[in-house]
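Here is a short report on a protein fold. Keep the structure open beside the text.

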Amino acid sequence: EIFSPVIRLEALRLMLAIATILDLEIHQMDVATAFLNGEIDTTEPIYMKQPEGFHKGDSNQVCKLHKSLYGLKQAPRIWYLCLHKFLLSLGFERCQKEYCIYVLKANNTFAFVCVYVDDLTIICKDQDMLNKIKEDLSSNFKMTDLGELHYILRIKVARDRVNKILTLSQEKFITDLVREYKLENCEVVETPQAVSIELKPDKTSQEMDKYPYPSHVGSLQYIIRGTRPDIANAVRELAKYTTCYNKSHWKAALRVLKYLKHTSTFSLVLDGHKKSLDYLIYTDASFGNANEGRKSILGYCLMLAGAAITYKSSRATTIHLSTCEAETAAAVEGVKESEWLFELFRELGLARNGPITLLCDNNSAIAQIKNPCKHFNNKHIQIKQLYAREKFEEGRINVLYCSTDEMI
C-alpha cells in the first residue's frame, strides 16, 4: 500500500473562505524531514542494501528498516499514518469527506488542521488553543513555525484582517513560467483562447519533441486548480492533445501563457464581509458544440465569500440529444459537488439548515429536476434526474432560473 491522501486545493480554498468569514487565525507549520518519522509496519518488512562505504558482517547481508526513509514508495503513506495517529491522540477527528482535514472541538472553541504532506495549515478560533496545538506538534516532531499563512503550494496568500479580505494569487508561479518560455516581451492578448482556431489531433513528429507541450499543459492545469478558473475552458481543449500535438497546439498553449502574463495579478478575493456561510452554485452547458464527437461542454462554479471555491469545465462523456438534457447533466454535476460540501460542512460543525441555491439558465432542465414526470424522450437520463430530484425533495437544494447575462 503506497497511497497517501493530500488536501485538495478546492478544500483548502473552502477552509480559507470559512476562516475569512469567521475571522479565524490562519497559521502554517512545516515538518522537517517528515518521512523519517514513520515506523514501518512489521507485517510488511522492507530491506535495503548496505550503504556504499559501510559494511557490517557479510557484505551480502542487507539492512532491515524499522523507520521510513526518503525514496521509499511507502514513505508518504507511512508519514501520513504517523501524523494521523498523532492528531487523533490530541483529540482531533478526521473528516470522512476530506481525509486531510482534522477537526478539534473543545470548550466552546474549535480548530482545523489541513494537511498537505509536511505542510500543516492550522485554522483556529482561539489563540491559546492555537499555541497549544503548536506546542503539541513541536513536542513530537521537528517543526518549523512559519507564523501566519503567506505562501502555500505556490499560491500567495495576502490577508487584510482589518478589511476582512483575503486574496489568493499565483503571480510568482506565472512569472516563472513566462521566464522559462522566454515570453517576457510577448504581445498582449485579451483572451486565453482564439475563437477562430480549431485544434485537431495530429501525429507528433520528432521536430515537436523539443517543445515541452505535455508539461506546459500540466503547469497550466495547476494554475487552474489554484486560482484561475478563467482559463479552464481553453486548457481543457489543449489537454486533449498531449499525445497528438503539432505546432498549432503549441502556439495555442503559449497563447494561454501570454494571456496569463498580462493578467498575472488577477486574484481570487475572499470577502469576509459576506458573513453568511451560504453558497451559490451556477451551472451551464453548451449543446453539441464540440465538432469532434459532438459532445457537450458542462460546467459549474460554486461561490462562497464572493469568490469561486470549486469549479469545473469538462466535456460530457456521452452525447446529449437536447439542450435540456445537457443542462440537466451540468446541473447534476453541480448537485454532486453541493452534496460533498453539504456533508463536509456538517463534519466541520457548520451544518446548514436551509437548502442550497443552484442557478441554471434552462427552464426545461429545472422542470425536469423538480417534477416527477416520465416521458419517452428523457427516460435514458432518468437516473441523473432522479438523483437531482431526490436532493431537491430532501430540501438539500433549491433550483432557480438565472439568465446567462446574470451569470456573466
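## A central pairing

Asp30 stands opposite Asp119 in strand E7. The model is predicted. This pair of residues belongs to a longer match: E1 and E7 are joined by six bridges and run antiparallel.

Asp30 also has a partner in E8, where Thr144 stands opposite. E1 covers residues 25-31, and four bridges link E1 to E8, again in the antiparallel sense.

## The sheet as a whole

E1 and E7 are part of an open sheet of six strands. The order is E4-E5-E6-E7-E1-E8, with antiparallel pairing. Which strands form the edges? They are E4 (93-94) and E8 (143-148), and each of them pairs on one side only.

## Strand E7 and its hairpin

Is E7 mostly covered or mostly open? Strand E7 spans residues 119-124 and is mostly covered, with six of its six residues buried. The cover is on both faces. Asp119, Thr121 and Ile123 are buried on one side. Leu120, Ile122 and Cys124 are buried on the other.

E7 also pairs with E6 (residues 109-116), antiparallel and over six bridges. In this pairing Phe112 stands opposite Ile123 of E7. E6 and E7 form a hairpin with two residues between the strands. There, Val117 has a positive phi, near 55°.

## Helix H1

Helix H1 runs over residues 9-22, 14 residues in total. From first C-alpha to last, H1 reaches 20 Å, close to the 20 Å expected at 1.5 Å a residue. How many of the residues of H1 are buried? The count is 13 of 14, and H1 is mostly covered.

Asp23 follows H1. Its phi is positive, near 55°.

## Helices H8 and H9

Two packed helices are described by the angle between their axes and the distance between the axes. For H8 (residues 323-347) and H9 (residues 363-370), the axes come within 8 Å. They cross at roughly 60°. That angle is under the 65 degrees where roughly perpendicular begins and not under the 35 degrees that count as roughly parallel, so H8 is oblique to H9. The crossing of H8 past H9 is right-handed.

Which residues meet where H8 and H9 come together? From H8 come Cys324, Glu327, Thr328 and Ala331. From H9 come Ser364, Ala365, Gln368 and Ile369.

Methods: Residues are numbered from 1 along each chain as its sequence is written. This is a predicted model: local features need pLDDT of at least 70, side-chain atom pairs count only at pLDDT 80 or more; totals for chains, interfaces and linings use all residues. Side-chain values use heavy atoms; hydrogens and water are left out. Two strands pair if DSSP finds at least two bridges between them. The expected span of a helix is 1.5 Å times one less than its number of residues. Buried means under 20% relative accessible area, exposed over 50%, partly exposed in between (1.4 Å probe, protein chains only). Axes are lines fitted to C-alpha atoms, for helices over the stretch in contact, and angles run from 0 to 180 degrees between N-to-C directions. Angles under 35 degrees count as roughly parallel, over 145 as roughly antiparallel, 65 to 115 as roughly perpendicular and the rest as oblique. A crossing is left-handed if the near helix is turned anticlockwise from the far one by less than a right angle, and right-handed if clockwise. Contact means heavy atoms within 4.5 Å.
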